[in-house]
Amino acid sequence: MITILGIFLLLLGLVGAFVMLLLAIRSMSASYPIQCKKCGHSLEIPTQPGEYCCPSCGVPLAKVEEK
């Protein structure tokens, strides 16, 4: 009985660690989702410095600066 409980807790810990790893990888993504307020086009803005405009209507959306 104790062995089954131990194995269950071990598996639960491994699943928790896997979920935390997935969340950490997802939070390090190199882009941010953004939506144009003029035309509604959705796109991802990269984290590289520069000015980014909507590809559909050309409206400036974001300016990314170096830290």
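Here is a short walk through the structure, one selection at a time. Keep in mind that you are looking at a predicted model.

**Stop 1: helix H1**

Select residues 2-27, which make up helix H1. From the first C-alpha to the last, this 26-residue helix reaches 37 Å, close to the 38 Å expected at 1.5 Å a residue. Is H1 mostly covered, or does it lie in the open? Zero of its 26 residues are buried, so H1 lies largely in the open.

Now pick Ile-4, which sits in H1. With a relative accessible area of 61%, Ile-4 is exposed, because anything over 50% counts that way. For a sense of scale, draw a distance from the C-alpha of Ile-4 to that of Glu-66: you should get 53 Å, for two residues 62 apart along the chain.

**Stop 2: a nonpolar patch**

Add Phe-8, another residue found in helix H1. Which residues share a surface patch with Phe-8? Leu-5, Leu-9 and Leu-12 join Phe-8 in a nonpolar patch of about 420 Å². Here is a handy rule while you look: an α-helix has 3.6 residues a turn, so residues three or four places apart point the same way.

**Stop 3: strand E1**

Jump to residues 31-35, strand E1, and select Ser-31. Show side chains and look for Glu-44: a polar contact of 2.5 Å joins the side chains of Ser-31 and Glu-44. Skipping neighbours within four places in sequence, Ser-31 is in contact with Glu-44, and also with Ile-45, Pro-46 and Thr-47.

**Stop 4: strand E2**

Next, select Leu-43 in strand E2, residues 42-46. Buried or exposed? Leu-43 has 18% relative accessibility, so it counts as buried, the cut-off being under 20%. To see what is around Leu-43, display Tyr-32, Pro-33, Ile-34, Pro-55 and Leu-61, its contacts once neighbours within four places in sequence are set aside. Then try a distance back to Gly-16: the C-alpha atoms of Leu-43 and Gly-16 are separated by 31 Å, with their positions 27 residues apart along the chain.

**Stop 5: strand E3**

Finish at Gly-50, in strand E3, residues 50-53. Gly-50 is partly exposed, at a relative accessible area of 24%. What does Gly-50 touch beyond residues up to four places away in sequence? Light up Ala-62, Lys-63 and Val-64. One last distance to draw: the C-alpha atoms of Gly-50 and Ala-62, 12 residues apart along the chain, are separated by 8.3 Å.

Key
Residues are numbered from 1 along each chain as its sequence is written. This is a predicted model: local features need pLDDT of at least 70, side-chain atom pairs count only at pLDDT 80 or more; totals for chains, interfaces and linings use all residues. Side-chain values use heavy atoms; hydrogens and water are left out. Helices (H or I, at least four residues) and strands (E, at least two) are DSSP runs, numbered from the N terminus. A polar contact is a pair of N or O atoms within 3.5 Å; within protein, one must be able to donate a hydrogen and the other to accept it, and residues adjacent in sequence count only if both atoms are side-chain atoms. Contact means heavy atoms within 4.5 Å. The expected span of a helix is 1.5 Å times one less than its number of residues. Buried means under 20% relative accessible area, exposed over 50%, partly exposed in between (1.4 Å probe, protein chains only). Patches are made of residues with over 30% relative accessible area and no salt bridge: like charges are joined within 9 Å, nonpolar side chains (Val, Leu, Ile, Met, Phe, Trp, Tyr) within 5 Å. Accessible areas come from the Shrake-Rupley method with a 1.4 Å probe; for residues, only the protein chains shown count as cover. A salt bridge is a side-chain nitrogen of Lys or Arg within 4 Å of a carboxyl oxygen of Asp or Glu.
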